[in-house]
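Biologist: Please give me a close look at the buried part of this model, as I am new to reading structures. Explain each term in plain words as we go.

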Amino acid sequence: MALSRQDELTMIQEAQQGNPVAREVCILAFDDLIGYVAKRFLGHGLELDDLMQEGRLCLHRVLDRYLPERSAPRTFFEQHLEWHFIHHKSTWLGLRDEARK
């Protein structure tokens, strides 16, 4: 689902004001970005579907932190997704190793 830059900003504002439908629209609109970042972390303990779900959960958490005057939404969300995946990579590897025992 592709939104224009203005539609993205409008949906983000509505989501930050507590609109659950706008929040879901935002998550779906940035699904391509989540997939783009998630593919870089394949082979680190999780399948693509699991990485996508992790990315969606991360986006739910950081959606309220976005400030439009500081950066573009895609740049902001990409940075947070990468940080989230890097931060949790050791946990995934540990879980994978435990499952193999």
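Modeller: Happily, and the word "buried" comes first: a residue is buried when its relative accessible area is under 20%, exposed when over 50%, and partly exposed in between, using a 1.4 Å probe and the protein chains only. This is a predicted model, so local features need pLDDT of at least 70 and side-chain atom pairs count only at pLDDT 80 or more, while totals for chains, interfaces and linings use all residues. Residues are numbered from 1 along each chain as its sequence is written, and side-chain values use heavy atoms, leaving out hydrogens and water.

Let's start with cysteine 26, which is buried, with a relative accessible area of 1%. Cysteine 58 is buried as well, at 4%. A disulfide is a covalent bond between the sulfur atoms of two cysteines. To count here, a pair of cysteine sulfur atoms must lie within 2.5 Å, and by this rule there are zero disulfides.

Now step back to the whole chain. Of its 101 residues, 32% count as buried. It has five helices and zero strands, which gives the pattern α-α-α-α-α along the sequence. Helices here are DSSP runs of H or I with at least four residues, strands are runs of E with at least two, and both are numbered from the N terminus.

Helix H1 covers residues 5-16. Its twelve residues reach 17 Å from first C-alpha to last, close to the 16 Å expected at 1.5 Å a residue. That expected span is 1.5 Å times one less than the number of residues. The buried residues of H1 are Glu8, Leu9, Ile12 and Ala15. Seen down the axis, these buried residues fall within an arc of 125°, so they line one face of H1. The arc is taken from the directions that run from the helix axis to the C-beta atoms. Just after H1, glycine 18 takes a positive phi of about 100°.

Glutamate 8 is worth a pause: it lies in H1 and counts as buried at 6% relative accessibility. Contact means heavy atoms within 4.5 Å. Not counting residues up to four places away in sequence, glutamate 8 touches Leu3, Phe30, Pro73 and Arg74.

Arginine 23 sits in helix H2, residues 20-29, and is buried at 15% relative accessibility. Leaving aside neighbours within four places in sequence, arginine 23 is in contact with Ala15, His60, Leu63 and Asp64. For the chain as a whole, contacts with a separation of 6 or more come 63% from residues 24 or more positions apart.

Helix H4 takes us further along, to residues 48-62. Its 15 residues should span 21 Å at 1.5 Å a residue, and the end C-alpha atoms are indeed 21 Å apart. Leu51, Met52, Gly55, Cys58, Leu59 and Val62 are its buried residues. They cover an arc of only 120° around the axis, which puts them on the same side of H4.

Two residues of H4 make a nice contrast. Leucine 51 is in this helix and is buried at 0% relative accessibility. Its C-alpha atom lies 8.1 Å from that of lysine 39, twelve residues away along the chain. Aspartate 49 is also found in H4, yet at 64% relative accessibility this residue counts as exposed. The C-alpha atoms of aspartate 49 and alanine 38, eleven residues apart along the chain, are separated by 9.1 Å.

Finally, look at the rings. Rings of Phe, Tyr and Trp (its six-membered ring) pair if their centres lie within 6.5 Å; planes under 30 degrees apart are stacked, over 60 edge-to-face, and the rest tilted. By this rule there are four aromatic pairs. In one of them, tyrosine 66 and phenylalanine 77 have ring centres 5.8 Å apart and planes at 45°, so this pair is tilted. It links distant parts of the chain, with tyrosine 66 in the loop between H4 and helix H5 (73-100) and phenylalanine 77 in H5, eleven residues apart. Both of these residues are buried. Phenylalanine 76 and phenylalanine 77 form an edge-to-face pair, 5.5 Å centre to centre with 70° between the planes. Phenylalanine 76 is buried too. Phe30, Tyr66, Phe76 and Phe77 form one aromatic cluster, and Phe30 is one of the residues that glutamate 8 touches.
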